[in-house]
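I opened this entry to record what I looked up in the model, going from the overall layout to single residues. The notes follow the order in which I checked things.

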Amino acid sequence: MKRILVALDKSSISKCAFDEAVMLAKGMGAELRLFHALTHSEPGSPQMTYIYNGSYDPHLAELLRKDYERDWNEFISQYLDLLKWRVEDAQAVGVTATLRQQYGTPGRAICEAAADWQADLIVMGSHGRTGLQEMWLGSVSNYVTHHAPCSVWLIHPKLHERAKTSPEKAVESTTEVVAASAA
C-alpha cells in the first residue's frame, strides 16, 4: 500500500480519520493525498440570496452576486487552509502528503480523485447516518464504499468517541483493525 487518499471536511470525525491515516501511512511508508470536495450542500457553505418580489433591481442583483462570490471564495480558502495545515501536520511526522480540492458531489468526487491518483486505499469518517437521516441527507461513505476503485477504511463515530474519552482504547482498537487488515 503506497497511496492513501484521505477525504476531509471540518467535522471532528474527519480529524480522527486524518490521524488514523497518518498513523497508517507512517507505518507503511505510504504517501497521503488529502482531499476535499467542494459542494453547495455542505454545512456552512454560502448560499445565493434570491429576490422573490415582483420588481427586479439589476443593481441589487449584482450586489448579491458579488457578496455570494466573495463568501464562496472565502469558503474555498478556508478549506484550502485546513488542507495545508493537515499537510504540514503529516509532514511534521515524516509522512509525504499532498492536497487536492475539487468541485463536485462528495462521494463521486472522492471516487474520481482516488481513481485519478491510483490510490490503494481511501480513509474517511462516517457520520453514522442510518434510516431516514441517510435517505434525506445521503451517505457519502455509503456511496464511496460501493463505488470506490480501491479499498475503503471507514472511521466510525464510536471509535471517535472512544478516542475522546480514552485515547489508549482508541489506539488499541485501531491497532486491532490494522492487524486484521494485514492478515
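I took helices (H or I, at least four residues) and strands (E, at least two) as DSSP runs, numbered from the N terminus. With that settled, I looked just past helix α2 and found that G94 takes a positive phi of about 90°.

Before going on, I noted that this is a predicted model, in which local features need pLDDT of at least 70 and side-chain atom pairs count only at pLDDT 80 or more, while totals for chains, interfaces and linings use all residues. Residues are numbered from 1 along each chain as its sequence is written, and side-chain values use heavy atoms, with hydrogens and water left out.

**Overall layout.** I counted seven helices and five strands in the protein, and reading along the sequence I wrote down the pattern β-α-β-α-β-α-β-α-α-β-α-α. Of the 183 residues, 38% count as buried, where buried means under 20% relative accessible area, exposed over 50% and partly exposed in between, with a 1.4 Å probe and protein chains only. Taking contact as heavy atoms within 4.5 Å, I found that residues 24 or more positions apart account for 75% of the contacts with a separation of 6 or more.

**Helix α2.** I then checked the length of α2, which covers residues 58-92. The expected span is 1.5 Å times one less than the number of residues, so the 35 residues of α2 should span 51 Å, and the end C-alpha atoms are indeed 51 Å apart. The buried residues of this helix include A61, L64, Y68, W72, F75 and I76, and further along Y79, L82, L83, R86, V87 and A90. I followed what these buried residues pack against, and noted α1 (12-28), β2 (31-38) and β3 (97-103).

**W72.** Within α2 I singled out W72, which counts as buried because its relative accessibility is 8%. Leaving aside residues up to four places away in sequence, W72 touches L38, T39, H40, S45, P46 and Y103. I also noted that W72 and M48, 24 residues apart in sequence, have C-alpha atoms 9.5 Å apart in space.

**α1 against α2.** Two packed helices are described by the angle between their axes and the distance between the axes. I fitted the axes as lines to C-alpha atoms, for helices over the stretch in contact, with angles running from 0 to 180 degrees between N-to-C directions. For α1 and α2 the angle is about 30° and the axes are 10 Å apart. That makes α1 roughly parallel to α2, since angles under 35 degrees count as roughly parallel, over 145 as roughly antiparallel, 65 to 115 as roughly perpendicular and the rest as oblique. The contact is made by K15, F18 and V22 of α1 together with R86, D89 and A90 of α2.

**A30.** Which residues does A30 touch, not counting those up to four places away in sequence? I listed M1, K2, R3, I4, A25, V95 and T96. A30 lies in the loop between α1 and β2, and its relative accessible area of 6% is why I entered it as buried. The C-alpha atoms of A30 and D120 are separated by 9.6 Å, although the two residues are 90 residues apart along the chain.

**S141.** Last, I looked up S141 in helix α5 (residues 140-147), where S141 is buried with a relative accessible area of 8%.
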